[in-house]
Structure formats: C-alpha cells, structure tokens
Amino acid sequence: MAIKLNKEVELRLLASIQRYCAQHMDEEVGELKAKLLLDFCLREIGPSIYNQAVLDAQGAMQDKIGEIDATCYETEFGYWKK
C-alpha cells in the first residue's frame with residue numbers, strides 16, 4: 001500500500017525538508033531534491049512507521065476491549081436491593 005499525502009501536507013513537508021537541510025547540513029536543497037528525499041522516505045521508511053502505528057492502535061483497542069466487561073457492566077436484579 002503506497003502512502004499518499006494530500007497536497008497541503010506534501011508542500012509543508014517539502015518546506016520542512018528544505019529548512020532542515022539548510023539549517024543542519026549547510027546545504028540549500030531545491031524542491032526537486034526535497035521531493036526525491038520525501039518520496040524515498042515514504043517508500044522506504046513510511047511502511048515501517050505505518051505498520052508500527054497500526055500495531056499500536058490494535059494494542060490500544062485490545063486494551064479497551066479487555067476493559068469493556070468492567071466498564072460496561074450493570075448489576076442485574078438490583079431493584080429490590082435498594
């Protein structure tokens with residue numbers, strides 16, 4: 001599954017890459033180089049981050065499902081105990 005960014009996010013990321021390179025690598029990077037680097041990151045690094053995020057979400061959901069019997073429990077036949 002290819003990671004597809006919306007145009008606004010992509011433009012902000014390209015600007016961020018250009019700024020990072022200028023500040024930390026003392027190199028001005030044009031839009032084309034920034035785009036190539038972003039594409040590489042999305043193809044090579046992105047899937048690992050995406051998969052870890054899915055695993056984290058699954059774990060969080062499983063924790064919530066594990067708590068559901070305590071959270072969503074109502075005592076039965078409690079009317080006469082009042």
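Here are a few questions and answers about the salt bridges in this predicted model.

User: How many salt bridges does a search of the whole structure find?
Analyst: Side chains of opposite charge can pair when their charged atoms come close. Here, a pair counts when a side-chain nitrogen of Lys or Arg sits within 4 Å of a carboxyl oxygen of Asp or Glu. Searching the whole structure that way gives a count of 2.

User: Which helices do lysine 35 and glutamate 10 lie in?
Analyst: These two side chains meet in a salt bridge, at 3.0 Å from N to O. They're 25 residues apart in sequence, so the pair ties together separate parts. Glutamate 10 belongs to residues 7-24 and lysine 35 to residues 31-71, which makes the helices H1 for glutamate 10 and H2 for lysine 35.

User: Is glutamate 10 buried or exposed?
Analyst: Buried means under 20% relative accessible area. Its bridge partner lysine 35 has 27%, so lysine 35 is partly exposed. Glutamate 10 has just 11% relative accessibility, so glutamate 10 counts as buried.

User: Which residues do the shared salt bridges join into one network?
Analyst: Lysine 35 also forms a salt bridge with aspartate 39, with the closest N and O atoms 3.2 Å apart. Those two are 4 residues apart in helix H2, so about one helical turn separates them. Since salt bridges that share partners link up, the network is Glu10, Lys35 and Asp39.

Technical notes
Residues numbered from 1 in each chain as written. Predicted model: local features only at pLDDT ≥ 70, side-chain atom pairs only at ≥ 80, totals over all residues. Heavy atoms only, no water. Buried < 20%, exposed > 50% of the residue type's maximum accessible area, 1.4 Å probe, protein only.
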